[in-house]
Amino acid sequence: MTERNVRPVGDSARAAEGINSWRTLYLVAGGASVGFILLLIAAITLDTVAPPPVDGGAETLEFIAANKSVYVAEQVLWLLPNMLAVLTFVALFVAVAPTNRSLALIGAVVGGLSWASFLAIPVTSRGSLTLVYLSGRHSEATSDTERARFATAAEAILGENNTPAIVGVLSAAGILLISLAMLHSALPRWIGWLGVAAGVFGVAGEALRQVVPSFYLGYGLLMPAWFLVVRIALVRLGLRTPR
């Protein structure tokens with residue numbers, strides 16, 4: 001009888017520990033979603049104040065030389081939100097898995113890995129930290145031949161910057177998939193539908209960025225809105241989770 005009494009206590013302790021860890025995850029991921037939005041706003045603000053050229057290798061390198069601090073800060077601000085997005089996808093998987101484990105896992109893997117992959121890509125669609133190095137070499141060049149070589153290298157990076165990447169499509173697809181799983185979860189259903197809309201616009205916008213820019217603009221509005229309301233939902237879920 002003593003052995004029977006001991007086992008439930010151990011199980012309860014492990015269960016309580018698990019609940020407590022999910023509470024912390026929800027609250028931290030909710031804060032990460034806020035950070036995601038704030039960093040994007042800061043990046044957009046810098047981009048508005050000093051918009052970098054989107055073509056012209058020599059022009060871009062000269063612009064960076066004249067605005068190095070602002071340019072570096074902007075590129076970092078474009079990159080950091082991707083890391084915070086990964087944490088949001090992890091928390092969403094935990095929240096929606098009880099009702100649709102398979103779709104939640106697929107959405108979390110596709111979304112989380114694709115957003116993390118942005119950190120490994122040397123471009124941000126609005127520039128690249130690699131161009132800072134080329135700008136310095138361009139400024140130090142002593143001949144037109146050297147300057148032309150660095151300008152050509154910059155053109156190649158700008159070409160990659162302006163080319164739709166499969167990782168962009170997958171990041172939007174991750175939002176779409178995890179949002180479909182949210183439709184029958186403990187999170188508000190309308191947030192799932194907002195994510196579905198953001199995902200559809202995102203997949204189309206990333207794939208057809210050069211052909212139909214309006215899709216990309218729609219994604220640019222819906223995606224931050226989705227992250228913001230997901231933050232609110234995760235924080236509320238975390239506060240409702242018992243300690």
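User: What makes Phe63 count as buried?

Analyst: Its relative accessible area is 17%. Buried means under 20% relative accessible area, exposed means over 50%, and partly exposed lies in between, using a 1.4 Å probe and protein chains only. The value for Phe63 falls under the first cut-off, so Phe63 is called buried. A word on the background: this is a predicted model, in which local features need pLDDT of at least 70 and side-chain atom pairs count only at pLDDT 80 or more, while totals for chains, interfaces and linings use all residues. Residues are numbered from 1 along each chain as its sequence is written, and side-chain values use heavy atoms, with hydrogens and water left out.

User: How do you know whether Tyr71 is buried or exposed?

Analyst: The same test works here. Tyr71 has 2% relative accessibility, so Tyr71 counts as buried.

User: How many aromatic pairs are there, and what makes two rings a pair?

Analyst: Rings of Phe, Tyr and Trp (its six-membered ring) pair if their centres lie within 6.5 Å; planes under 30 degrees apart are stacked, over 60 edge-to-face, and the rest tilted. By this rule there are 6 aromatic pairs.

User: Why is the pair of Phe63 and Tyr71 called edge-to-face?

Analyst: Their ring centres lie 6.5 Å apart and their planes meet at 75°, so the pair is edge-to-face.

User: And why is the pair of Phe89 and Trp226 called tilted?

Analyst: Here the centres are 6.2 Å apart and the planes stand at 45°, which fits neither the stacked nor the edge-to-face range, so the pair is tilted. Phe89 belongs to helix H3 and Trp226 to helix H9 (residues 213-240), so this pair ties together parts that are 137 residues apart in sequence. Phe89 and Trp226 are both buried. Ring pairs also link Phe36, Phe89, Trp115, Trp226 and Phe227 into a cluster.

User: What makes Ala85 buried, and which residues does Ala85 touch?

Analyst: The relative accessible area of Ala85 is 0%, so Ala85 is buried. Ala85 sits in helix H3. Contact means heavy atoms within 4.5 Å; leaving out residues up to four places away in sequence, Ala85 touches Phe36, Trp115 and Phe227. The C-alpha atoms of Ala85 and Ala32 are 7.3 Å apart, although 53 residues separate them along the chain.

User: How do you know whether Phe227 is buried or exposed, and where is Phe227 placed?

Analyst: Phe227 has 0% relative accessibility, so Phe227 counts as buried. Its place is in helix H9. Beyond residues up to four places away in sequence, Phe227 touches several residues, including Ser33, Thr88, Phe89 and Ile175.

User: What makes Thr88 count as buried?

Analyst: Relative accessibility is 0% for Thr88, so Thr88 also counts as buried. Thr88 lies in helix H3. Apart from neighbours within four places in sequence, its contacts are Ala29, Ser33, Phe227, Val230 and Leu234.

User: Why is Val203 called partly exposed?

Analyst: Its relative accessibility is 27%, which lies between the two cut-offs, so Val203 is partly exposed. Val203 is part of helix H8 (residues 189-207). Not counting residues up to four places away in sequence, Val203 touches Val169, Ala172 and Ala173.

User: What are the angle and axis distance between H3 and H4, and why is the pair called roughly antiparallel?

Analyst: Helix H3 (residues 68-96) and helix H4 (residues 101-117) pack at about 175°, with axes 8 Å apart. That makes H3 roughly antiparallel to H4, since angles under 35 degrees count as roughly parallel, over 145 as roughly antiparallel, 65 to 115 as roughly perpendicular and the rest as oblique. Among the contact residues are Asn82, Ala85 and Phe89 of H3, and Arg101, Leu105 and Trp115 of H4. The contact residues divide into 10 nonpolar, 4 polar and 1 charged. For that split, Ala, Val, Leu, Ile, Met, Phe, Trp, Tyr, Cys and Pro are nonpolar, Asp, Glu, Lys and Arg are charged, and the others, Gly among them, are polar. The axes are lines fitted to C-alpha atoms, for helices over the stretch in contact, and angles run from 0 to 180 degrees between N-to-C directions.

User: How many helices and strands are in the chain?

Analyst: The chain has 9 helices and 0 strands. Both are DSSP runs numbered from the N terminus: helices are H or I with at least four residues, strands E with at least two. Of the 243 residues, 42% count as buried.
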